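Let's take a walk through this fold together, strand by strand and helix by helix. Have the structure open and turn it as you read.

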Amino acid sequence: MNNNPTFIFFGTDDFSIVVLDELEKNGFVPSILVTVPDRPKGRKLVLTPPDTKVWADKRNILVLQPEKLDGDLVEVLKKAGALRAPANSKINPWELFIAVSYGLIIPKKVLDIPAHGTLNVHPSLLPLYRGASPIESAMLADKKETGVTIMKMDTKMDHGPILFQEKVFFNEWPTKE
């Protein structure tokens, strides 16, 4: 029997890939990956999948790409969870959700699905640099100390109980590609 937690990953960009790779390296792979829909990219506006979709497709992980997180997605996640649970079980098979650079606000009805809540991996030492561009904000402020925060999500942006923080120090910021 597999003792790894059953979880769903919400993420979109290259920072999400860093976290997915670390999880996988430690034996944790999501059952489902939720990301934004494919979007036009580049000068020619070629419809391009998010980085996380490419990552999941290589591993045959189910990918969901809802335009919005509404009741339809809640039902899909609950049904997918029911398929994983033993017959006639009252146990919620989704132990947790993990969100990393997802790009959409996750509503309470989705946050409340997993038994242990939803964790967020945020690339700053919260409460500093909330929002969509914390790395860029730290670079512009020339902060030599930054880091990563893991917190339990609530309905507010980059808010909730902080579970862990890891500090990182830079003498000089690397250039961003």
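Find Asn120 and look straight across: the residue standing opposite is Met151 in S8. That puts you at the seam between S7 and strand S8, residues 145-152, where four bridges join two strands that run antiparallel. Keep in mind as you go that this is a predicted model.

Now step from S8 to S9. These two also run antiparallel, and here seven bridges hold them together. If you want one rung of that ladder to look at, take Thr146, whose bridge partner in S9 is Val168.

While you're on S9, stop at Ile162, which sits in that strand. Its relative accessible area is 40%, so Ile162 falls in the partly exposed class. Which residues does Ile162 touch, once you set aside its neighbours within four places in sequence? The contacts are Leu126, Thr149, Ile150 and Met151. Met151 is a residue you've already met, as the one opposite Asn120. Ile162 and Leu119 are 43 residues apart along the chain, and their C-alpha atoms are separated by 9.7 Å.

Time to zoom out to the whole sheet. Seven strands make it up, in the order S5-S2-S1-S6-S7-S8-S9, and the sheet is open with mixed pairing. The edges belong to strand S5 (62-64) and strand S9 (162-169); each has a single partner strand, so one side of each has no neighbour in the sheet. Going from one strand to the next, the twist averages 20°.

You've seen the S9 end, so cross over to the other edge. There, strand S2 (residues 32-34) pairs with S5 in the parallel sense, over three bridges. One residue to pick out is Val34, whose bridge partner in S5 is Leu64.

A helix lies against this sheet too. H1 packs on it and touches S1, S2, S6 and strand S7 (118-122). The direction of H1 makes about 155° with that of S1. Since anything over 145 degrees counts as roughly antiparallel, H1 and S1 are therefore roughly antiparallel.

H1 has a helix for company as well. Two packed helices are described by the angle between their axes and the distance between the axes. For helix H1 (residues 14-25) and helix H2 (residues 51-58), the angle is about 30° and the axes are 8 Å apart. The cut-off for roughly parallel is under 35 degrees, and H1 and H2 therefore count as roughly parallel to each other. On the H1 side of the contact you'll find Asp14, Ser16, Ile17, Leu20, Asp21 and Glu24, and on the H2 side Asp51, Thr52 and Trp55. Sort the residues of this contact by character and you get three nonpolar, two polar and four charged.

Next, the aromatics. How many aromatic pairs does a search of the whole structure find? The search turns up two. A pair of aromatic rings is described by the distance of the centres and the angle of the planes. Phe10 and Phe97 are 5.4 Å centre to centre with 45° between the planes, which makes the pair tilted. This pair links distant parts of the chain, with Phe10 in strand S1 (residues 7-11) and Phe97 in strand S6 (residues 96-100), 87 residues apart. Both Phe10 and Phe97 are buried.

Phe10 also pairs with Tyr102: the ring centres are 5.4 Å apart and the planes stand at 85°, so this one is edge-to-face. Tyr102 lies in the loop between S6 and helix H4 (108-111), so its pairing with Phe10 in S1 ties together parts 92 residues apart in sequence. Phe10 has a relative accessible area of 0%, and Tyr102, at 5%, is buried as well. Put together, Phe10, Phe97 and Tyr102 form one aromatic cluster.

Two backbone oddities round off the tour. In the loop that holds Tyr102, Ser101 has a phi near 45°, a positive value in a residue other than glycine. Ser101 counts as partly exposed, at 27% relative accessibility. Asn60, in the loop between H2 and S5, likewise has a positive phi, about 55°, although it is not a glycine. Is Asn60 buried or exposed? With 73% relative accessibility, Asn60 counts as exposed.

Definitions and conventions:
Residues are numbered from 1 along each chain as its sequence is written. This is a predicted model: local features need pLDDT of at least 70, side-chain atom pairs count only at pLDDT 80 or more; totals for chains, interfaces and linings use all residues. Side-chain values use heavy atoms; hydrogens and water are left out. Axes are lines fitted to C-alpha atoms, for helices over the stretch in contact, and angles run from 0 to 180 degrees between N-to-C directions. Angles under 35 degrees count as roughly parallel, over 145 as roughly antiparallel, 65 to 115 as roughly perpendicular and the rest as oblique. Contact means heavy atoms within 4.5 Å. Ala, Val, Leu, Ile, Met, Phe, Trp, Tyr, Cys and Pro count as nonpolar, Asp, Glu, Lys and Arg as charged, and the others, Gly among them, as polar. Rings of Phe, Tyr and Trp (its six-membered ring) pair if their centres lie within 6.5 Å; planes under 30 degrees apart count as stacked, over 60 as edge-to-face and the rest as tilted. Buried means under 20% relative accessible area, exposed over 50%, partly exposed in between (1.4 Å probe, protein chains only). Two strands pair if DSSP finds at least two bridges between them.
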